[in-house]
Amino acid sequence: MSQQDEKNNHYLLNDWKPENPQFWENKGKGIARRNLWISVACLLLAFCVWMLFSAVTVNLNKVGFNFTTDQLFLLTALPSLSGAILRVPYSFMVPIFGGRYWTVLSTVILIIPCIWLGFAIQNIATPYWVFITIALLCGFAGANFASSMGNISFFFPKAKQGSALGINGGLGNLGVSVMQLVAPLVVFLPIFAFLGVHGVTQEDGSTMWLTNAAWIWAPLLLLATLAAWFGMNDIASSKASIADQLPVLGRMHTWILALLYLATFGSFIGFSAGFAMLAKTQFPDVNILKLAFFGPFLGALARSFGGVISDKLGGVRVTLINFICMAIFSALIFLTLPGGGSPGNFTTFYLVFMGLFLTAGLGSGSTFQMIAVIFRRITIERVKAKGGSDEQAQQEAVTDTAAALGFISAIGAVGGFFIPKAFGTSLAMTGSPVGAMKIFLVFYIVCVVVTWFVYGRRKEKYHE
């Protein structure tokens, strides 16, 4: 963008100083909040699309398809795989294109997999590879998280970043719950019958329009795109090339924090993708679709809360306690599953899993607060050690933090693929998900040790 274009673009903020108290109160706060809430709406819908297959797969065979359990688990896992991979380039896009332009583009393209999935569902001759392709395209929605969180981090002062990122991420994550609540309702309504969508009669005499679960998001995505186009801003000082952002990949803390975020957000998105199918295999007599939405709902709200309390108590402290709780809940799951002559207990299974959703969401917020604090501190120390000015240190800290947030979020999203795939593989090999849960338990214990050893012992440096 040329200087003249920047001058004529009233959506571009040329002098953005959120750390200046007077600027923040008089001008910055209102602009930042407007961008935050539009970002939340776009991200919420992106999560709806990202986890779309978690609601669709449990019904595919009910409308005439004949896929195996392992094939269905794979479809729920693939959006997280492509989303994780795409988060890497997405994490670098905001400083290159600007937050407003990238939000518009990354939101409007999500209409494509929604429309395609709706058509694919209506034809029971649609081959499995087509659903695989659409599932991978839904991963673009998951990638939005990396760019969205990086973008919002530019708008807020350091003292409010934990809360802002918690709100953006937490309410964005709420899209999983919204989708799992809305999809089971709209599939029994002839919403798009006027477009020729045909329903399939079920065993209980009801009619299911499964296409609705995909098409219902298209008009909402269009509205969110328009809101981003007319209501969001670009920040001139956030501009940076990929070369300026790549150095964060060579820092030890990037990879350590990525491990911790994999355990928290990876668990949240992985359980969100696989919980309904898992519950269906273990307790087939329970209509899990009426209950599946509540776990992601708890986790999403907990994420927002995790960012807020981490700003007050310190992200390291909250994260450490949270991992201990996750390990305890994982151990309790073994007592609730069918096996060894026991039919299992669905109520206890459900409640313990709600605890896992809650702690996974809370930990997602607290680990993101840790990322913002740690990268800001180490970048400022590095720049000043080289003789850089305070202004240069602050600017590089913002860029490095945004890049780190984006890249680490990409690693975290891998859990969305690994968890449902682990469940599917464990069930295929042993007939039980116990093997997968043992791996998760060990992983959480490792994270307790890593959090304490690297960050917990050095309170004066990493607790803020």
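This is a tutorial dialogue on reading features of a predicted model.

User: Where should I start with the fold, and how many helices and strands does the chain have?

Analyst: Start with the elements, then the overall dimensions. The model is predicted, and its secondary structure comes to 20 helices and four strands. The radius of gyration is 22 Å, close to the 23 Å that the globule rule gives for 464 residues, so the chain is as compact as a globular protein of that length. The C-alpha trace spans about 70 × 50 × 35 Å along its principal axes.

User: What percentage of the residues count as buried, and what share of the contacts join residues at least 24 apart?

Analyst: Of the 464 residues, 60% count as buried. For contacts, take those between residues at least 6 apart in sequence: 82% of them join residues at least 24 apart. The accessible surface comes to about 18000 Å², and carbon and sulfur atoms hold 67% of that surface.

User: How do I read a buried aromatic residue, for instance F271: where does F271 lie, and which residues does F271 touch?

Analyst: Read the element, the accessibility and the contact list together. F271 is in helix α13, residues 252-282. Its relative accessibility is 0%, so F271 counts as buried, the cut-off being under 20%. Beyond residues up to four places away in sequence, F271 touches F353, L356, F357, I419, F423, F440 and Y444. One of these, L356, is 85 residues away along the chain, yet the C-alpha atoms of F271 and L356 are separated by 8.7 Å.

User: And F53: is F53 buried or exposed, and which residues does F53 touch?

Analyst: F53 is in helix α3, residues 52-60, and at 1% relative accessibility F53 counts as buried. Its contacts, not counting residues up to four places away in sequence, are L75, T76, P79, L117, F131, I134, A135 and C138. F53 and F131 are 78 residues apart along the chain, with 9.5 Å between their C-alpha atoms.

User: Which helix holds S177, and what does S177 contact?

Analyst: S177 is found in helix α9, residues 158-186. Its relative accessible area is 2%, so S177 is buried. Leaving aside neighbours within four places in sequence, S177 is in contact with F293, P296 and F297. L181 is also found in helix α9, but at 40% relative accessibility L181 counts as partly exposed. The C-alpha atoms of L181 and A55 are 9.2 Å apart in space, with the two positions 126 residues apart in sequence numbering.

User: Is there a partly exposed case with a shorter sequence interval, and what does Q392 show?

Analyst: Q392 is found in helix α17, residues 390-413, and has 39% relative accessibility, so Q392 counts as partly exposed. Q392 and I380 are 12 residues apart in sequence and 8.6 Å apart, C-alpha to C-alpha.

User: Turning to charges, how many salt bridges does a search of the whole structure find?

Analyst: Side chains of opposite charge can pair when their charged atoms come close. A search of the whole structure finds two salt bridges. One joins E25 and K29, at 3.0 Å from N to O. Both residues lie in helix α2, residues 21-50, four residues apart, which is about one turn of the helix. E25 is partly exposed, with a relative accessible area of 48%, and K29 is partly exposed at 21%. The other joins D15 and K17, whose closest N and O atoms are 3.7 Å apart. D15 is partly exposed at 47%, as is K17 at 44%.

User: Why does R100 have no salt bridge with D234?

Analyst: A salt bridge needs a Lys or Arg side-chain nitrogen within 4 Å of a carboxyl oxygen of Asp or Glu. R100 is buried, and the nearest side chain of opposite charge, D234, is 4.6 Å away, so the pair does not meet that cut-off. R100 is in helix α6, residues 99-108. D234 is still in contact with R100, as are Y11, A228, W229, M232 and N233, leaving aside neighbours within four places in sequence.

User: How far apart are the mean positions of the positive and negative charges?

Analyst: The chain has 29 positive and 19 negative charges, and their mean positions are 5 Å apart.

Key
Residues numbered from 1 in each chain as written. Predicted model: local features only at pLDDT ≥ 70, side-chain atom pairs only at ≥ 80, totals over all residues. Heavy atoms only, no water. Helix = DSSP H or I, 4+ residues; strand = E, 2+ residues; numbered from the N terminus. Buried < 20%, exposed > 50% of the residue type's maximum accessible area, 1.4 Å probe, protein only. Lys, Arg positive; Asp, Glu negative; His and termini not counted. Contact = heavy atoms within 4.5 Å. Rg over C-alpha atoms; globule rule 2.2 N^0.38 Å. Areas by Shrake-Rupley, 256 points an atom, 1.4 Å probe, with all protein chains shown as cover. Charge placed at Lys NZ, Arg CZ, Asp CG, Glu CD.
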